Amino acid sequence: MVKMFFAIITLTATAATAGIQQDRTLLNQARTSYASGKYNEAEKLYSKIQPNSDYWLLAVEERAHTFGRAGDYNKALADLTTLISPVFEKNLGPEPYFTAALTYLRLCQYDNIYAILEKYKANMKVRTIALVALADRDADQKVLSVAKNLNKGFAAYADKAIEFPTLFHLDTQVQQAIRTNNNAKLLKRVATLAKEDIKEISETTKKLHLIEAEVMQRLHKLEEAKDHNRDRIGKFKAKKDQLQFPYTDELWIDEVNSYQVESEKCPKGSEI
Amino acid sequence: MKTLALILCLISVTANSKGILEDIDSLGNNKQIAERSRQIRGENKIRIVQNRTVDRNNRFELGVNYDMVAGGDPYINTNNLGFQVDFHFSPKFSVGVRHYETYARLSAEGERVFDAYDRAFSQGDFRSRPEVDYPLSSTMGVATFYPLYGKLNFFNLGVTQFDVYVLGGYGKMLLKSGTSDTWTAGSGIGFWWSQHLSSRLEVRYQNYTDKVNNIERNEGVTSFSAGMGILLW
């Protein structure tokens, strides 16, 4: 299943080159709409980036955050289910975990926050150690070995993306260094990108500590409340010709990005 | 100077990384809080909701199929070569026309009976010649309803959606003895491989009236069918 995903990425690598610029433009337009508070517009722009694009995971990540901002937690969780699925979990930076934790905090689902923290710890420790090695120039051979195949795009290192800076193959300085066969410049730039990602992990970890502190405060209030009842979960909506399948532990590659979530919200009186 | 700055920067990263790792490790470490949070659970229901990969709204499908037929006259074995045209109003319902060319031959029992007659005749025993009747072709109008759907993970090469369907039809059958009304009912699975390629596996009961020695008989056959189709725009 994971192999099939990577095969699809490889096949579409060359075709995607022409689309990368277009996707970059869509991403920037979506970010501008998000910054202006036009969340609907931002969501539509993020949705235009196709699954075969190198920017697709990043678009889903930012779309999840947009849904959260707009208060549509069900859609945020649907995107987060795609992101934190076993297929993509190892390709993620720290931000989706923060978005997931914040969404669960807004829904008063504290048990799910702790589940997310465990996943974050498992993946980000591995990522931090790998990025530190890149920043310290202890993994130059690994970078050079991947750089030989970077013409394939993300597929060149997708199976070990957790060990490299996010989408580093799309960095213009990296691309120029590869074009001019300038290994020194390439390694220096990768080290810089690794340091930026380490900084992002550090900042996100601090934000997760804040969420954990908020959980401690709210837990006490919730435990004291007489009524723990939450509103009933809503019904799933599907269009006339859409197919519905149950969600199980077995993941099918055609199902990612097709999740719909109905969640229990905070008990009355304990909303954030 | 540049080298010194780089060395200092690298030392700084290495020193900080231990702190970052400790910071990550300390997340969720308050076991008491974690346990208390598990007592206040929030439930989420997740479902897969996806579009059909093949659009079957207002589309024609042309198909050919081969049937192995069981039942009917015990002295005859038949197979069908079928041709069908269906119009899909929606993924749930289609109507169409089916035409079957039937190929008949004597079964083992039929050969035995006719061989016995030939032997008897050659020895001067002029008993009645056995008679058989068999279909030559049939044409029916068919309505198909697709109430169930599913999908197959096809050897990890791709995922194919399918529909389970039931069908009913009515038409005319041409037999050696003449024509007969015929009706059919059955069930099958339609696989939609791409926007233009389909296949079907089907089991179908068909009823008709044949005539042997001027006596009409009500016959029923069961067809096991495999076919391929093309979906047109």
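## Exercises on a predicted two-chain model

E202(B) stands opposite S225(B) in β9(B); the model in which this pair is found is a predicted one.

**Exercise 1.** Identify the strand pairing around E202(B) and S225(B), and place it in the sheet that holds it.

*Solution.* Start with the two strands themselves: strand β8 (residues 197–212) of chain B and strand β9 (residues 215–232) of chain B run antiparallel to each other and are joined over 16 bridges. Next, widen the view to the sheet, where eight strands of chain B close into a barrel in the order β2-β3-β4-β5-β6-β7-β8-β9, with antiparallel pairing. Finally, consider the geometry of this sheet, in which neighbouring strands are turned by 25° against each other on average, direction ignored.

**Exercise 2.** Decide whether chain B as a whole is spread out or a compact globule.

*Solution.* First list the elements: chain B has three helices and nine strands, and from the N terminus on they follow the order α-α-β-β-β-β-α-β-β-β-β-β. Then compare the radius of gyration of chain B, 33 Å, with the 17 Å that the globule rule gives for 233 residues; the former is well over the latter, so chain B is more spread out than a compact globule. The spans of its C-alpha trace along the principal axes, about 120 × 50 × 40 Å, can be set beside this result. As a last step, note that 30% of the 233 residues of chain B count as buried.

**Exercise 3.** Describe the side of chain B that touches chain A, and find where strands of the two chains pair.

*Solution.* Begin with the residues involved, which number 34 from chain B and 55 from chain A. On the side of chain B, the elements giving two or more residues are α1 (2–25), α2 (31–39), β1 (44–50) and β5 (135–154), and α1(B) provides the largest share, nine residues. By character, this side of chain B comprises 15 nonpolar, 10 polar and nine charged residues. Turning to the strands, β1 (residues 243–246) of chain A pairs with β1(B) in the antiparallel sense over four bridges, and here P246(A) is found opposite R47(B).

**Exercise 4.** Determine which element of chain A has the lowest mean pLDDT and which has the highest.

*Solution.* Take the chain average first: chain A has a pLDDT of 87, and 90% of its residues score at least 70. Among its elements, helix α1 (residues 2–11) has the lowest mean, 46, and helix α3 (residues 39–47) the highest, 96. Over residues 1–16 of chain A, pLDDT remains under 50, and the model has 26 contacts beyond four places in sequence for this stretch. Where pLDDT is low, predicted coordinates should not be read in detail.

Methods:
Residues are numbered from 1 along each chain as its sequence is written. Chains are lettered from A and ligands numbered from 1 in the order in which they are written. This is a predicted model: local features need pLDDT of at least 70, side-chain atom pairs count only at pLDDT 80 or more; totals for chains, interfaces and linings use all residues. Two residues are in contact if their C-beta atoms, placed from the backbone, lie within 7 Å. Ala, Val, Leu, Ile, Met, Phe, Trp, Tyr, Cys and Pro count as nonpolar, Asp, Glu, Lys and Arg as charged, and the others, Gly among them, as polar. Two strands pair if DSSP finds at least two bridges between them. The radius of gyration is taken over C-alpha atoms; the globule rule is 2.2 Å times the number of residues to the power 0.38. A residue is buried if 20 or more other C-beta atoms lie within 10 Å of its own, exposed if 12 or fewer, and partly exposed in between; C-beta atoms are placed from the backbone. pLDDT is the predictor's confidence in each residue, from 0 to 100. Axes are lines fitted to C-alpha atoms, for helices over the stretch in contact, and angles run from 0 to 180 degrees between N-to-C directions.
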